[in-house]
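Colleague: I would like a close look at the strands of this model, and one part of it in particular. Please take me through it step by step.

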Amino acid sequence: MRIANVNGRLAVAVGDGWVDVEQASGGAFAADPQAIYDRWADFTAWASTISVDAATVGGALGLPVPAPRQLIAIGLNYREHAMESNLDIPEHPVVFAKFQSSLIGPGATVTLPSDGVDWEVELVIVIGKEAHGVAVADAWDYVAGLTVGQDLSWRAVQLRGPAPQFSIGKSYPGFSPLGPVVVTPDEFADKNDLAISCSLNGEVLQEGRTSDLIFPVAEIVSRLSQSLTLYPGDLIYTGTPKGVGAGRTPKRFLVEGSLVSSIEGVGDLTINLVNGF
Ligand code: ZN
């Protein structure tokens, strides 16, 4: 199943169109795209009964998960990215928070606050069931779906001392693009091996595969849940493959234009960048 925010309302892909969930369910499920994760099992059971002849709606796709209780991110989760960052391969997941105020959806415009903002395409997990102390073998049962994210990063702010400030350097307005849709795990031929890439104004900047994750999806959910309680609708950015601008010689950062982030089986998340400095 592919779900989206169409004109601010929860929708499910049926055939080539989108079915409005509140209308099609006779009000059994709300139009709020965030609320559905609190009723995920009921929703997926109902959604499997939607007729392919259901009336479809059109419109602009918006932020598919607009108000997660928690927005968690994993750093240094691909070997070659840890190496280009001149940091050791982590023994435990490197965890930080992004703030909800930095979320934006497909097609949005991000105003760059400086000429030092880097790109990081990431696979993003959407949690579908409250999780605490979950075993790796059970962890996928707690995942509602996967989507595409960018973990935009103002490196100078992220790394300024005396201790690194990942959460602030990665949470300026628009620094957490997400979308275009949430895809349930059963839709993927191999949910643990997806092509992931991003390009700026047509130039490919990053290319990798999620099979290279040091801590894959199930491992991340399990390990985070040993400490935290994860709630339905929470988002977990899982880390970025090699090819970030700060790892290059000379360093490169984002410029005005179109940033397209892609994951196999999910689609393209496009945002527009404009200078605000
Ligand atoms: Zn990241």
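What follows is one request and one connected reply about a strand and its surroundings.

Colleague: Take strand β5 (71-75) as the part to examine. Is β5 mostly covered or not? Which strands does β5 pair with, and in which sense? Then go outward to the pocket, the metal site and the other strands.

Modeller: First, a caution: this is a predicted model.

Start with burial. β5 is mostly covered, with 5 of its 5 residues buried. The side chains split into two sets. Leu71, Ala73 and Gly75 point one way from β5. Ile72 and Ile74 point the other way. In a regular strand, side chains alternate between the two faces of the sheet.

Next, the partners. β5 runs parallel to strand β16 (residues 235-237), and 3 bridges join them. In that pair, leucine 71 stands opposite leucine 235. β5 also pairs with β6, here in the antiparallel sense, over 4 bridges. In β6, alanine 97 stands opposite isoleucine 72. Pairing of this kind runs through backbone hydrogen bonds, either parallel or antiparallel.

Now the pocket. The largest pocket has a volume of about 370 Å³. Its lining holds 24 residues. The residues nearest the pocket centre are His81, Ser85, Leu87, Arg155 and Gln158. Four elements give two or more residues to this lining: β5 (71-75), α3 (79-84), β6 (94-97) and α4 (155-158). β5 and its antiparallel partner β6 are thus both on that list. By type, the lining divides into 9 nonpolar, 8 polar and 7 charged residues.

Helix α3 deserves one more stop. Alanine 82 is found in this helix. At 0% relative accessibility, alanine 82 counts as buried, because the limit for that label is under 20%. Alanine 82 and glycine 247 are 165 residues apart along the chain. Their C-alpha atoms are separated by 9.6 Å.

Then the metal. The zinc ion is coordinated by Glu120 (OE), Glu122 (OE) and Asp151 (OD), at 1.9 to 2.1 Å. The donor residues follow the spacing E-x1-E-x28-D in sequence. Glutamate 120 and glutamate 122 are both buried. Water is not among the atoms, so the site may look incomplete.

Strand β1 (residues 2-6) is another covered strand. 4 of its 5 residues are buried, so β1 is largely enclosed by the rest of the structure. β1 has several antiparallel pairings. One is with strand β13 (residues 176-183), over 2 bridges. There, isoleucine 3 has valine 182 as its bridge partner. Another is with strand β2 (residues 9-14), through 4 bridges. Asparagine 5 is matched with leucine 10 in β2. The hairpin of β1 and β2 has 2 residues between the strands, and asparagine 7 takes a positive phi near 55° there. β1 is also joined to strand β4 (residues 61-62) by 2 bridges. The bridge partner of valine 6 in β4 is leucine 61.

Last, an open sheet. It has 5 strands in the order β8-β18-β17-β14-β15, and the pairing is mixed. β8 (109-112) and β15 (203-209) are the edge strands, and each pairs on one side only. Neighbouring strands of this sheet are turned by 20° against each other on average, direction ignored.

Walk across this sheet from the β8 edge. β8 runs parallel to strand β18 (residues 267-275), joined by 4 bridges. Threonine 111 stands opposite valine 274 in β18. β18 pairs with β17 in the antiparallel sense, over 7 bridges. Here glycine 257 stands opposite leucine 273. The hairpin of β17 and β18 has 3 residues between the strands. In that hairpin, glycine 265 takes a positive phi near 90°. Further along, strand β14 (residues 195-200) and strand β17 (residues 257-263) pair in the antiparallel sense over 5 bridges. Serine 199 stands opposite valine 260 in β17.

Back to the part you asked about. β5 has a parallel partner in β16 and an antiparallel partner in β6. The residues of β5 are buried, and β5 gives two or more residues to the lining of the largest pocket.

Definitions and conventions
Residues are numbered from 1 along each chain as its sequence is written. This is a predicted model: local features need pLDDT of at least 70, side-chain atom pairs count only at pLDDT 80 or more; totals for chains, interfaces and linings use all residues. Side-chain values use heavy atoms; hydrogens and water are left out. Donors are N, O and S atoms within 2.8 Å of the metal (3.2 Å for Na, K and Ca); water is not among the atoms, so sites may look incomplete. Buried means under 20% relative accessible area, exposed over 50%, partly exposed in between (1.4 Å probe, protein chains only). On a 1 Å grid over the protein atoms alone, a cavity is a set of points where a 1.4 Å probe fits but cannot get out, and a pocket is an open set with protein on both sides within 12 Å along at least five of seven lines; lining residues have an atom within 4 Å of a point. Grid points are joined across faces, edges and corners, and a volume is the space filled by probe spheres set on the points. Ala, Val, Leu, Ile, Met, Phe, Trp, Tyr, Cys and Pro count as nonpolar, Asp, Glu, Lys and Arg as charged, and the others, Gly among them, as polar. Two strands pair if DSSP finds at least two bridges between them. Axes are lines fitted to C-alpha atoms, for helices over the stretch in contact, and angles run from 0 to 180 degrees between N-to-C directions.
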